Amino acid sequence: MKTILLKSFFFFFIAFHIQAQELLPFVENYNKSDYQGDNQIWNVAQGSDKAMYFANNHYLLRYDGVIWEKYSLPNKTIIRSILIEGDRIYSGSYKEFGYWYRKNGKMNYVSITKKLRLFAEKDNEEIWKIFRYNGVLYFQSFNDVFIYDGKKVKKIKFPFLISYCFVVDNNLYAASVEKGVFKMNGSKISNPKGWDILKNTVVHAIEKYKGKTYIFTQKKGIFIVEHTGLKPWNNPLNETLKSNGINVAKFIKNNKLVVGTGNKGVFIYDFVSNTFKNIDRNNVLMNNSVLSIGFDKEEDLWLGLDNGLAHVEVNSPISFFYDNSGILGSVYSVATIDKGYLIASNHGIFEFDSGNFKMLPNTQGQGWNITKIGNKYVIGHNDGTFCYENGVLAKINNVSGGWNLSKSIINDTYFQSTYSGVLVYNDALKLSQSLKIKDLSKPIKYVAQNKKNEIWAADNYRGLYRVFLDDNFTTQKVENITQQSKIKNDFGVKIFEFRNEILFLINNVWYTFNSISNKLEENELFNTNFKNISDVVAIDPDHFIVLQDGILYHIYSHNNKFIWNIIQEKYYKGKLINENLRIFRSKNHYLLNLDDGFISLQLGYQNKQNKGVKVEAYNDNELLENDGKIKHNTELRINVISGIYGASKPNLFYQINKGKNYIPISNGAIILNNLSSGSHTISIFKHDGANYEKVSGFDFRVAQPWYFSFWMIFLYLLVIAAVLFLYYKWNKLRYTQKLKLQAEELKHQREILEMELKKENELNIQEYEKHILELELQTKSSEVAGKSLSIAKQSEMIENIQNILDSEKDFNKLKSEIKKAIKINEVNKHEWEIFETNLNQIHNEFIINLSKKYPHLTPKDIKLCVYLKMNLSSKEIAPMMNISFRGVELHRYRLRKKLNLSQEENLSKFLLTL
């Protein structure tokens with residue numbers, strides 16, 4: 001407990017003594033790791049191409065808002081000064097001066113002194129300033145002035161050491177370190193009367209403002225030229241400048257003076273309000289030693305520092321309150337008070353007054369919201385709710401976590417959303433008296449009312465509730481409207497009051513409540529005009545802020561028309577506190593909280609984004625013209641250059657090949673890789689949040705890949721031809737070998753076939769011979785059978801006749817018996833039929849072949865052929881055919897004719913061949 005009290009006391013003690021910086025312009029610091037150059041920036045100027053140029057020791061730096069370029073002189077000497085006229089950037093260095101010009105996306109240098117012997121060997125001259133006077137250029141060193149008329153150079157040597165020359169009211173002044181300031185008239189010089197105080201001091205600037213001439217010295221401060229001489233500038237700031245050393249000074253528009261010092265950064269003095277702002281390392285400036293001051297077309301400052309450079313948006317409608325110490329913490333809400341600001345942060349409640357801020361007593365911890373009611377400020381805090389009035393803070397309740405306080409649309413009742421529900425302040429004059437709405441003990445983030453006896457409450461996590469109350473704010477009914485409306489994703493519901501109407505932002509979709517259907521319905525006006533909105537905060541009835549895709553837009557509504565004004569992301573990138581965006585309006589400004597301070601924006605702020613953008617495309621570090629051609633599979637970098645560095649810088653997107661998607665251009669560069677061959681179109685669009693307007697474009701072509709080039713295709717054809725030729729030769733060889741193999745195989749097969757045929761022929765011959773033998777055997781068998789039958793019959797008949805002769809004596813009877821024996825011994829018909837049938841079966845194949853070949857043969861012809869095949873004689877055939885020998889011979893003759901045989905052919909042999 002003691003440790004906590006000690007820490008609290010220590011924190012409170014420190015907070016009381018914090019020196020806080022008032023609202024400052026936005027500052028962008030660039031160190032040498034950004035531009036890859038040297039430390040010092042000796043001179044700053046903007047070119048006609050809207051790019052910024054810097055004399056950076058060994059380099060000439062160029063920055064167009066997208067990329068940094070650096071160039072060195074041929075002799076590698078230090079560049080001390082630059083002057084831009086038209087397309088030429090004149091530069092001065094050690095024993096050298098000349099000019100640069102841009103061609104094909106690169107700077108080129110032309111030396112004026114290269115062929116001139118302007119410097120002696122013993123000279124140690126550096127050109128510290130370049131200016132135009134009476135139509136000619138002056139290149140000034142500490143000892144000499146070189147006058148260049150475009151053709152020749154004239155050298156004027158001073159009799160003393162000088163710091164700088166100045167042109168005022170068509171008069172040329174030279175400031176000597178020891179002898180004061182001299183007025184030059186050609187080669188003559190004179191010391192103005194009454195300026196002796198400038199002796200033994202360094203004069204860094206002589207400027208004219210509202211008819212008065214101001215002289216800025218390094219250590220003696222600022223003097224004003226009068227008729228009688230010089231008078232010190234009567235301003236308390238002058239003493240501060242004396243002690244910190246003036247390096248450079250310029251008057252700028254809006255009645256302001258900018259003074260760069262040696263060890264206290266830059267001072268911006270406002271002649272109207274008689275106040276000044278100091279930008280140094282204690283707040284946002286990277287280095288305290290300012291060496292040079294330049295301006296851009298927006299009249300914003302560019303400070304050349306002893307180590308790096310800075311862009312200061314002095315004419316931006318946006319100002320910043322920075323807390324680099326970290327003691328203040330993340331700011332959740334801020335409000336203006338009479339002499340300063342009241343700030344609620346995660347560290348407590350702070351009061352900023354007269355350049356200092358302190359923590360209010362007993363407020364350490366999370367502060368959420370500050371709402372002004374009349375002259376009172378109601379502060380929601382983790383430990384309860386406080387009321388701040390006339391510098392006095394009082395606690396009005398102990399209900400934890402007063403997130404937001406909103407006023408009813410229909411009366412003067414206020415509703416506070418807290419960790420544990422909703423508090424009602426029915427009387428703004430009696431804030432200590434509050435009621436808690438029952439039956440709604442939930443962490444409520446937002447509350448709104450546009451109808452009596454009814455409020456809307458959004459849960460901190462999910463859900464939207466419609467709460468019905470009686471006249472005493474007693475809860476009658478609670479409805480979960482998102483559930484009734486069947487909205488599944490109802491996390492982080494936001495309530496937005498717009499012209500007496502309540503809208504609900506749920507998961508990037510806008511809803512309003514339909515009292516007839518008792519459900520939420522999508523709002524056409526807001527869903528059409530405000531897409532992808534993640535947060536919305538009201539400023540007043542006609543102005544509000546929306547957060548779209550991480551970008552803030554200031555919206556001005558007029559008759560259902562919405563005017564969008566982008567607030568550049570660079571002002572708050574990584575500094576917005578999610579789900580806790582709060583606005584406090586103060587006269588013609590409004591304040592927006594950040595996690596390291598807050599922003600002040602003009603209510604009438606209009607960001608008229610510049611439409612004129614220039615496109616530069618580079619491939620392999622070479623500038624590519626429009627409709628140019630790049631190699632395949634190489635990177636194309638397209639720089640989209642607006643020439644605007646401040647608040648009005650356009651929000652740019654691009655489309656490739658007229659696609660549907662708009663792609664944001666990051667840091668002004670489009671990097672394209674892996675492009676297909678052919679023509680491509682890049683279209684550049686300016687986006688105001690609602691509409692896309694085309695502002696530029698770029699066309700280019702991607703070459704065919706190297707493996708599709710003409711020579712490669714020719715090579716491919718040669719290779720293909722060679723492959724085809726080799727394939728042809730190989731195929732021909734293979735075919736020849738195949739033919740040879742086939743021939744050998746055919747030969748082998750032929751040999752095998754011949755062997756098989758020979759063997760088969762031998763077998764066939766054997767079969768044939770066997771068949772012939774069988775036929776001969778059959779024939780012989782038939783012959784044997786026939787002869788056997790004939791012999792048997794003859795023997796039997798002879799025997800019978802013998803017996804008759806032996807037994808019979810009577811001749812007549814003998815004759816009769818012999819005839820009877822002969823008749824008996826004749827072969828009967830049946831036996832002959834059996835004999836012929838057997839004979840036909842034996843010679844069946846022969847009979848079939850003979851009948852097919854000679855179909856006109858009769859059965860007797862065939863029978864004769866069979867007997868002849870059996871090699872029977874005509875005599876033997878005659879009884880078998882029951883005809884005479886003569887009849888057989890005649891039949892044979894006729895058969896020869898039917899068989900078309902000549903006289904020389906043997907009939908029996910012929911029949912054997914069938």
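Student: Is lysine 106 buried, exposed or partly exposed?
Tutor: In this predicted model, lysine 106 counts as partly exposed, at 37% relative accessibility.

Student: Which side chain does lysine 106 meet in a salt bridge?
Tutor: That of glutamate 622. The N to O distance is 3.4 Å.

Student: Where do the two sit, and how many residues apart are they?
Tutor: Lysine 106 lies in strand 10 and glutamate 622 in strand 59 (residues 622–624). They are 516 residues apart in sequence, so the pair ties together those parts of the chain.

Student: And glutamate 622, is it buried or partly exposed?
Tutor: Glutamate 622 counts as partly exposed, with 43% relative accessibility.

Student: What lets such side chains pair at all?
Tutor: Opposite charges can pair when the charged atoms come close.

Student: How many salt bridges does the count come to?
Tutor: The count comes to 33 salt bridges.

Student: Which residue forms a salt bridge with aspartate 123?
Tutor: Lysine 155 does. The closest N and O atoms are 3.8 Å apart. Aspartate 123 sits in the loop between strand 10 and strand 11 (129–133). Lysine 155 is in strand 14 (residues 153–157). The two are 32 residues apart.

Student: Why does aspartate 123 count as buried?
Tutor: Because its relative accessible area is 12%, and buried means under 20%. Its partner, lysine 155, is partly exposed at 34%.

Student: What about lysine 452, which residue is its partner?
Tutor: Lysine 452 forms a salt bridge with aspartate 471, with the closest N and O atoms 4.0 Å apart. Both residues are in loops. Lysine 452 lies between strand 43 (444–451) and strand 44 (454–459). Aspartate 471 lies between strand 45 (464–469) and strand 46 (475–480). They are 19 residues apart.

Student: Are those two buried or exposed?
Tutor: Lysine 452 is exposed, at 57% relative accessible area. Aspartate 471 is exposed too, at 54%.

Student: Which residues are linked in a network of salt bridges?
Tutor: Asp49, Arg62, Asp64, Glu69, Arg102, Lys614 and Glu616.

Student: New topic: sheets. What is the strand order in the open sheet of four strands?
Tutor: The order is 7-8-9-10, and the pairing is antiparallel.

Student: Which strands stand at the edges?
Tutor: Strand 7 (79–85) and strand 10 (106–111) do. Each has a single partner strand, so one side of each is left without a neighbour in the sheet. From one strand to the next, the twist averages 30°.

Student: How many bridges do strand 8 and strand 9 pair over?
Tutor: Strand 8 (residues 88–93) pairs with strand 9 (residues 96–103) over five bridges, in the antiparallel sense. Within that pairing, serine 93 stands opposite glutamate 96.

Student: Now strand 48. Why is it largely enclosed?
Tutor: Five of the six residues of strand 48 (residues 501–506) are buried, so the rest of the structure largely encloses this strand.

Student: How does strand 47 pair with strand 48?
Tutor: Strand 47 (residues 494–498) runs antiparallel to strand 48, over five bridges. Isoleucine 495 has phenylalanine 504 as its bridge partner. The hairpin has two residues between the strands, and arginine 499 takes a positive phi near 50°.

Student: And how many bridges join strand 48 to strand 49?
Tutor: Three, and strand 49 (residues 509–514) runs antiparallel to strand 48. Isoleucine 506 has valine 509 as its bridge partner. These strands also form a hairpin with two residues between them. Asparagine 507 in the turn has a positive phi of about 50°.

Student: On to rings. How many aromatic pairs are there in the whole structure?
Tutor: A search finds 78. One of them joins tyrosine 90 and phenylalanine 139, edge-to-face. Their centres are 6.2 Å apart, with 65° between the planes. Tyrosine 90 is in strand 8, and phenylalanine 139 is in strand 12 (residues 136–140).

Student: Are they buried or exposed?
Tutor: Tyrosine 90 is buried at 6% relative accessibility. Phenylalanine 139 is buried at 0%.

Student: Which rings are linked into a cluster?
Tutor: Phe496, Phe498, Trp510, Phe526, Phe530, Phe544, Tyr553, Phe562 and Trp564, through ring pairs.

Student: Last one: which residues make the nonpolar surface patch?
Tutor: Trp706, Tyr707, Phe708, Ile713, Tyr716, Leu717, Ile720 and Leu724 make the patch, of about 830 Å². Tyrosine 707 lies in the loop between strand 66 (692–702) and helix 6 (710–807). Tyrosine 707 is partly exposed, at 34%.

Definitions and conventions: Residues numbered from 1 in each chain as written. Predicted model: local features only at pLDDT ≥ 70, side-chain atom pairs only at ≥ 80, totals over all residues. Heavy atoms only, no water. Patch = residues over 30% accessible without salt bridge, like charges linked within 9 Å, V, L, I, M, F, W, Y side chains within 5 Å. Areas by Shrake-Rupley, 256 points an atom, 1.4 Å probe, with all protein chains shown as cover. Buried < 20%, exposed > 50% of the residue type's maximum accessible area, 1.4 Å probe, protein only. Pairing = 2+ DSSP bridges. Axes fitted to C-alpha atoms, helices over the stretch in contact; angles between N-to-C directions. Phe/Tyr/Trp six-rings, centres within 6.5 Å; stacked < 30°, edge-to-face > 60°.
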